[in-house]
Amino acid sequence: MFKPLVLFLLLHIMIHLLSSSSAESSTIEQGKPGCESKCGNITIPYPFGANDDCSYFNDAAGKLFYVHCNKSYEPPKAFLGVNEEKIEILSISDTEFRIKNTAIAARCYDDQTGKLVLDNPFFNLDFKSTPFTISYNKNMFVGIGCDLMATANNHSRDCTSVCDTKADIIEGSCKDNYGGGCCQDSLPKGLNIFDGEVKKYYGGGSPFQSFSQCRFAFLVEKGQYTFKGSDLQLDGRLTKPDTVLPLLLDWSIAEHTCNDAQGRLDNYACKNNTVCLDVPDTSGYRCACVKGYEGNPYLGCKDINECDNNPCYGTCTNTIGGYNCSACPEGSTGDGRKNGSSCTTINKALPTNNGFPVIRVALGLSLGLLSVIFCCLFFYLCIKK
């Protein structure tokens, strides 16, 4: 009496094991075999990795695709090593990195003595040895202060901010080029190095006002910084180490177009079942899986089993790079796909080009019969009269 129960349990275990192995096999590998592809909450996809064996290296351009995972934090944090500095990574996508920008030019004065207590008027961001450029359409150059000029050396970018009294300070979004406490300017395309500086706008007078102890200049992602009057003070948030000013970096494989890169077969990054995409506004390229495939295009893409999500009304058959749906059942027409023309029932009551016109014939016979009856009645009345 226990045999059916035992067989049922064994069958259930086998199904569970098979489904588990199937789920594991369908997991997309993002890193090279044997290399870490996860750092805390951040996935690190190849071509990025911790060293030469785990990352892509463009020997022609000398670009380093290194990402370091510091496990002394809980959870671990991912960093870029640029010019011996550690830049924290906030997120990674197929096209860009979001980093925590700590490069801020700053000058602050003691509001009682007027003494200069924070003197760091320059900042520098240098990504020449990396595959990154500073996103020109998603970031802004920002200046904070009164009697301020924020300049970007060698890039013809600057903005000024003037507020003679505290009432002149305008909180909220920074104004383009000229503001009251906060100003901003756009960026040119294709920058992999940026130098910023804060200056006093007017030549003479006091270097600061009591309501504006500090001047700052920095790069930040659009929409991620809102100016507050308290930011002008020495104890404001811009002098705090835990303040996050996110910055977006675009990345590409190499300083070549797809046509040039495909000719360099020894160093071409796009693998099986992929397509090469030129990166707008730069001279680099990236890779993507062709339609019907998924995975990491720098390691090779695999066929998607579209039938797992049942895209058909009938039977689905997976094919390499696509799928087929069984024919619509008798009495309906269409391609059988849920995202296509699906299956539409044919209205048999309506005449077709190939079928017999039943309705028209019946209607004609009825009208003819009524005409005969009417004529007979008319002749009968005439004869009787």
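**Close-up views of a predicted model**

**View 1. A pocket of about 280 Å³, the second largest in this predicted model.** What lines this pocket? Its wall is made by 19 residues, and those lying nearest the centre are Asp-94, Cys-287, Ala-288, Pro-297 and Tyr-298. Three strands each hand over two or more residues to the lining: S22 (274-278), S23 (285-289) and S24 (293-296). Of the contributors, S23 gives the most, with 4 residues. Sorted by class, the lining comes out as 12 nonpolar, 4 polar and 3 charged residues.

**View 2. The open sheet S11-S19-S14-S15-S17.** Here 5 strands sit side by side in that order, with mixed pairing. Which strands are at the edges? They are S11 (122-126) and S17 (178-179), each of which pairs on one side only. At the S11 end, the partner is S19 (residues 193-200), and the two pair in the antiparallel sense over 5 bridges. If you want a spot to zoom in on, try Leu-125, whose bridge partner in S19 is Phe-194.

**View 3. Strand S13, buried along its length.** Is S13 (residues 139-145) enclosed or open to the outside? 7 of its 7 residues are buried, so the rest of the structure largely encloses the strand. Both faces are covered: Asn-139, Phe-141, Gly-143 and Gly-145 are buried on one side, and Met-140, Val-142 and Ile-144 are buried on the other. One neighbour is S20 (residues 214-221), which pairs with S13 in the antiparallel sense over 6 bridges; within that pairing, Gly-143 has Ala-217 as its bridge partner. Another neighbour is S18 (residues 181-185), running antiparallel to S13 and joined to it by 5 bridges. In that pairing, Gly-145 stands opposite Gly-181.

**View 4. Two separate nonpolar cores.** The largest core counts 49 residues, and Phe-97 and Tyr-285 have the most contacts inside it. The second core has 21 residues, including Phe-211, Cys-214, Phe-216 and Phe-218.

**View 5. The Cys-35 to Cys-54 disulfide.** The model has 12 disulfides by the distance rule used here, and this one has its sulfur atoms 2.1 Å apart. Which hand does it have? The torsion about the S-S bond is about -85°, so the link is left-handed. The pair ties together distant parts of the chain, 19 residues apart: Cys-35 is in the loop between helix H1 (3-25) and strand S1 (38-39), while Cys-54 is in the loop between strand S2 (42-43) and strand S3 (57-58). Both cysteines, Cys-35 and Cys-54, are buried.

**View 6. The Cys-174 to Cys-182 disulfide.** The sulfur atoms of this pair are 1.6 Å apart. With a torsion of about 75° about the S-S bond, the disulfide of Cys-174 and Cys-182 is right-handed. Are the two ends buried or exposed? Cys-174 counts as buried because its relative accessibility is 9%, and Cys-182 is buried too, at 2%.

**View 7. The Cys-312 to Cys-325 disulfide.** In this link the S to S distance is 1.9 Å. The value about the S-S bond is -75°, and the link is left-handed. Distant parts of the chain, 13 residues apart, are brought together here: Cys-312 belongs to the loop between strand S25 (300-303) and strand S26 (316-319), and Cys-325 belongs to strand S27 (residues 322-325). Both Cys-312 and Cys-325 are buried.

Notes: Residues numbered from 1 in each chain as written. Predicted model: local features only at pLDDT ≥ 70, side-chain atom pairs only at ≥ 80, totals over all residues. Heavy atoms only, no water. Pairing = 2+ DSSP bridges. 1 Å grid on protein atoms, 1.4 Å probe; cavity = no way out; pocket = protein on both sides within 12 Å on 5 of 7 lines; lining within 4 Å. Points joined across faces, edges and corners; volume = space filled by probe spheres on them. Nonpolar A, V, L, I, M, F, W, Y, C, P; charged D, E, K, R; others polar. Buried < 20%, exposed > 50% of the residue type's maximum accessible area, 1.4 Å probe, protein only. Core = buried A, V, L, I, M, F, W, Y, C linked by side-chain atoms within 4.5 Å. Disulfide = S-S within 2.5 Å.
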